There are 4 protein chains.
Amino acid sequence: MDNKFIFKLRVYIEDTDYGQMVYHANYLKYFERARSEWADQAGFGLDWQKAHKVFFVVHSAKIDFLKPARLFEELEVISRITSVGKASIHFAQYLRLVEDPDKILCKAEVRVATVNENTRACALPKAPFFDSMRRLLQ
Amino acid sequence: MDNKFIFKLRVYIEDTDYGQMVYHANYLKYFERARSEWADQAGFGLDWQKAHKVFFVVHSAKIDFLKPARLFEELEVISRITSVGKASIHFAQYLRLVEDPDKILCKAEVRVATVNENTRACALPKAPFFDSMRRLLQ
Amino acid sequence: MDNKFIFKLRVYIEDTDYGQMVYHANYLKYFERARSEWADQAGFGLDWQKAHKVFFVVHSAKIDFLKPARLFEELEVISRITSVGKASIHFAQYLRLVEDPDKILCKAEVRVATVNENTRACALPKAPFFDSMRRLLQ
Amino acid sequence: MDNKFIFKLRVYIEDTDYGQMVYHANYLKYFERARSEWADQAGFGLDWQKAHKVFFVVHSAKIDFLKPARLFEELEVISRITSVGKASIHFAQYLRLVEDPDKILCKAEVRVATVNENTRACALPKAPFFDSMRRLLQ
């Protein structure tokens with residue numbers, strides 16, 4: 001079981017701002033794309049969420065903007081789960097240049113909570129994945 | 001009955017791109033904000049749409065990017081209805097600088113269609129406003 | 001010489017709106033991503049633009065929103081050059097589902113103009129590519 | 001000297017996502033709009049930044065998404081400076097409903113750093129405002 005997920009992306013014009021770098025809020029979009037791809041591959045994508053009537057929403061985030069990402073750069077988001085609670089999953093994520101993987105551009109701790117269709121907190125359904133992950137992280 | 005609607009806005013960092021002007025797709029956002037405010041004031045806002053189970057969606061647009069809008073400029077969108085069909089409303093909209101109203105930055109013709117909850121085309125409900133508008137535009 | 005360029009993308013949460021489909025202005029982002037990738041592969045990317053002090057900006061667009069694109073769908077943009085002017089390149093672009101390529105979701109005609117560093121219109125530099133393209137399109 | 005700045009805004013379709021609330025990264029946009037308006041009114045807007053060759057960039061943020069903001073709601077961002085460093089300004093900001101000001105939707109601590117034209121950290125220029133603010137916050 002591998003607790004490390006890599007997602008590649010490229011910076012487009014829409015992502016930049018007048019400072020000629022990626023607009024700060026857009027890094028959160030990159031991190032979410034990576035979590036969405038993780039959810040899909042781990043079996044917890046939108047179909048699973050609808051079937052279980054439980055949805056992943058971002059509860060809180062702590063984000064450090066370390067170095068600017070620039071237009072057309074090839075980037076990758078590295079995501080790792082740091083804890084699995086009763087109704088939450090915590091991620092540590094960072095963004096780096098594909099060509100210079102030691103250069104971390106941005107990093108974040110993101111707490112994802114599980115809510116029902118009325119956006120009220122609800123327990124994460126039982127699933128072997130989450131049990132394994134909890135054991136792994138102990 | 002006044003067929004001219006003015007909506008003011010300001011350009012923020014999020015709207016700009018590396019060329020240091022407003023990113024082209026964002027002008028469509030400005031035009032939609034203006035149509036949303038128009039819908040509210042004309043009595044066809046979200047509550048009306050939900051009550052009648054008819055929703056406004058953008059069907060097509062023709063847009064000319066004439067001069068760049070820049071960071072922190074104060075702008076206004078001028079909107080006018082050009083025709084009202086059985087299941088559509090056509091708008092002519094343009095964007096200008098508040099301080100220099102002869103300087104048109106962007107203009108668009110936008111056709112809004114009415115759809116039901118399943119995004120299928122459906123007729124615009126009868127309303128005195130649309131009848132008056134049709135007569136006015138004949 | 002192939003006048004057809006395919007660019008793949010996926011719909012993420014950031015692209016959707018409360019109607020649970022892709023927000024209309026975001027289709028223009030998809031089309032621009034495709035043109036940026038085309039420019040790169042054709043040799044007219046940002047380095048070429050900076051070296052020649054000529055930049056591509058969107059001059060006008062005509063866009064038809066035919067069917068909604070939905071969250072997490074795999075899409076592709078098909079782009080084709082329809083004419084090359086003295087200071088402009090015209091594109092015909094459309095967006096389709098990878099899994100159902102006969103289903104066209106959105107199509108656009110986009111006119112890209114060439115401007116200098118002060119955003120004034122300037123001639124497209126001579127390049128064998130553009131000459132060939134002009135002949136091809138006659 | 002008032003260390004509390006109020007900025008009003010409205011939620012538009014562009015801000016929402018398929019969950020029918022404001023997309024999480026967009027709250028950061030709201031907070032930045034408020035800081036931009038604050039900078040203008042305090043005399044540290046873009047003209048001042050260009051004149052002093054010092055620019056404000058977001059260094060880090062901690063954000064709690066407490067309750068969802070919904071389409072067309074009227075909101076206000078309350079911003080307060082919590083400390084002024086040699087090359088940084090720290091803000092505490094929160095977002096609430098205009099009609100129900102006890103209902104806080106989102107709150108953030110945002111650290112803004114000062115950088116020069118090459119995006120390297122540089123000292124905040126001397127200005128009576130910052131001296132007064134430092135004394136006020138001691």
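Colleague: Is helix 1 of chain D mostly covered or mostly exposed?

Modeller: Mostly covered. In this predicted model, 14 of the 19 residues of helix 1 of chain D are buried.

Colleague: How far does that helix reach?

Modeller: Helix 1 of chain D covers residues 24-42 and spans 28 Å from its first C-alpha to its last. That is close to the 27 Å expected at 1.5 Å a residue.

Colleague: And what follows helix 1 of chain D?

Modeller: Gly43(D) follows, and its phi is positive, near 95 degrees.

Colleague: Switching to the strands. In what order do the 10 strands of the open sheet come?

Modeller: The order is 1(A)-3(A)-4(A)-5(A)-2(A)-2(D)-5(D)-4(D)-3(D)-1(D), with antiparallel pairing.

Colleague: Which strands stand at the edges?

Modeller: Strand 1 (5-10) of chain A and strand 1 (5-10) of chain D. Each has a single partner strand, so one side of each is left without a neighbour in the sheet.

Colleague: By how many degrees are neighbouring strands turned against each other?

Modeller: By 30 degrees on average, with direction ignored.

Colleague: What does helix 1 of chain A touch on that sheet?

Modeller: Helix 1 (residues 24-42) of chain A packs on the sheet and touches strands 1, 2, 3, 4 and 5 of chain A, together with strand 2 (55-65) of chain D. The direction of the helix makes about 130 degrees with that of strand 1 of chain A.

Colleague: How many bridges join strand 3 to strand 4 in chain D?

Modeller: Nine, between residues 74-84 and residues 88-97, and the two strands run antiparallel. As one pair, Glu76(D) has Arg96(D) as its bridge partner in strand 4 of chain D.

Colleague: Now chains B and C. How many residues does each give to the contact?

Modeller: Chain C gives 14 residues and chain B gives 15.

Colleague: Which element of chain C gives the most?

Modeller: Strand 2 of chain C, with eight residues on the side that touches chain B. By class, that side of chain C has seven nonpolar, four polar and three charged residues.

Colleague: How many bridges join strand 2 of chain B to strand 2 of chain C?

Modeller: Five, and these strands run antiparallel. Ser60(B) stands opposite Asp64(C) there.

Colleague: Last one: what rotation superposes chain A on chain B?

Modeller: A rotation of 180 degrees, with 0.0 Å of shift along its axis and an RMSD of 0.0 Å. The two copies are thus related as by a two-fold rotation axis.

Colleague: Which residue of chain A comes closest to the rotation axis?

Modeller: Asp17(A), whose C-alpha is at 1.9 Å.

Conventions:
Residues are numbered from 1 along each chain as its sequence is written. Chains are lettered from A and ligands numbered from 1 in the order in which they are written. This is a predicted model: local features need pLDDT of at least 70, side-chain atom pairs count only at pLDDT 80 or more; totals for chains, interfaces and linings use all residues. Copies are superposed by least squares on the C-alpha atoms of residues with pLDDT of at least 70 in both. Helices (H or I, at least four residues) and strands (E, at least two) are DSSP runs, numbered from the N terminus. The expected span of a helix is 1.5 Å times one less than its number of residues. A residue is buried if 20 or more other C-beta atoms lie within 10 Å of its own, exposed if 12 or fewer, and partly exposed in between; C-beta atoms are placed from the backbone. Two strands pair if DSSP finds at least two bridges between them. Axes are lines fitted to C-alpha atoms, for helices over the stretch in contact, and angles run from 0 to 180 degrees between N-to-C directions. Two residues are in contact if their C-beta atoms, placed from the backbone, lie within 7 Å. Ala, Val, Leu, Ile, Met, Phe, Trp, Tyr, Cys and Pro count as nonpolar, Asp, Glu, Lys and Arg as charged, and the others, Gly among them, as polar.
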